Amino acid sequence: MTDDATTNGAESATADREIVITRVIDAPRALVFEAFTEVSHLSQWWGPHGFTTTTRAFEFREGGVWAFVMHGPDGTKYPEWISWTEIVPPGRIAMLHGEHRDDPEAFESVLSFEELGGATRVRMQTMFRSRELRDAAIERHGAVEGGRQTLAELAAYVERAHRTERAV
């Protein structure tokens, strides 16, 4: 299930620079959060449908970096760089995301994980430095659909793990 928008509404002073995507995942919050903590998990689900990742560096801690390449279904390689700026288990992860360190077009993302009686609502709020950068991400890179697909990949991965865990 998704419930998303290109902004989070008029209540935000930065709404014209944001993309907000949410999804309810049928798994406990701790398990959903854990899917972000190890590269062995992330490599199983990160990115839109059909994408894979090759990690060059990974350290999940505040100030740590994940440097990786996303491989598109058409073979295109996309260099990516994430620095974790805040980690509050199991409820919040904030990061700076660009193509490389010092990328002038890097954007901030905050993931929040809300417990819903055995399920988890994931909210991915991405804020760009300008409206133009947000609009370019949507138009050129399909950021909204890519975000939806990434959360769908997360949901499929975590829900499979949860079903396996319950069956044991």
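Tutor: Two strands pair if DSSP finds at least two bridges between them. Keep that in mind for this predicted model.

Student: How many residues lie between strand 4 and strand 5 in their hairpin?
Tutor: Strand 4 covers residues 77–88. Strand 5 covers residues 92–98. The two form a hairpin, and the number of residues between them is three.

Student: How many bridges join strand 4 to strand 5?
Tutor: Pairing needs at least two bridges. Strand 4 and strand 5 run antiparallel, and the bridges joining them number seven.

Student: Which residue of strand 5 stands opposite tryptophan 81?
Tutor: Strand 5 spans residues 92–98. Opposite tryptophan 81 stands a residue of that strand, glycine 98.

Student: Which residue in strand 6 stands opposite alanine 94?
Tutor: Strand 5 also pairs with strand 6, antiparallel, through six bridges. Strand 6 covers residues 107–116. Opposite alanine 94 in that strand is valine 110.

Student: Why is strand 5 largely enclosed by the rest of the structure?
Tutor: Buried means under 20% relative accessible area. Strand 5 has seven residues, and it is largely enclosed because the number of them that are buried is five.

Student: What is the bridge partner of leucine 116 in strand 7?
Tutor: Strand 6 (residues 107–116) and strand 7 (residues 119–127) run antiparallel, joined by nine bridges. Leucine 116 has its bridge partner in strand 7, alanine 119.

Student: What is the strand order of the open sheet?
Tutor: The sheet has seven strands with antiparallel pairing. Its edge strands, each pairing on one side only, are strand 1 (18–25) and strand 2 (52–58). From one strand to the next, the twist averages 25 degrees. The order is 1-7-6-5-4-3-2.

Student: Which helix gives the most to the largest nonpolar core?
Tutor: That core has 33 residues. Phe36, Trp46, Ile93, Leu154 and Val158 have the most contacts inside it. Six of its residues come from the helix that gives the most, residues 143–167: helix 4.

Student: Which residues does leucine 154 touch, not counting those up to four places away in sequence?
Tutor: Leu154 is among the residues with the most contacts inside the core. Leaving out residues up to four places away in sequence, leucine 154 touches Ile25, Val32, Ala35, Phe36, Trp45 and Val122.

Student: Over which residues is the pLDDT below 50?
Tutor: The protein chain has a mean pLDDT of 92, and 92% of its residues reach 70 or more. One stretch has 20 contacts in the model beyond near neighbours in sequence, yet its pLDDT is below 50: residues 5–10.

How values were computed. Residues are numbered from 1 along each chain as its sequence is written. This is a predicted model: local features need pLDDT of at least 70, side-chain atom pairs count only at pLDDT 80 or more; totals for chains, interfaces and linings use all residues. Side-chain values use heavy atoms; hydrogens and water are left out. pLDDT is the predictor's confidence in each residue, from 0 to 100. Contact means heavy atoms within 4.5 Å. A nonpolar core is a set of buried Ala, Val, Leu, Ile, Met, Phe, Trp, Tyr and Cys residues joined through side-chain atoms within 4.5 Å. Buried means under 20% relative accessible area, exposed over 50%, partly exposed in between (1.4 Å probe, protein chains only). Helices (H or I, at least four residues) and strands (E, at least two) are DSSP runs, numbered from the N terminus. Axes are lines fitted to C-alpha atoms, for helices over the stretch in contact, and angles run from 0 to 180 degrees between N-to-C directions.
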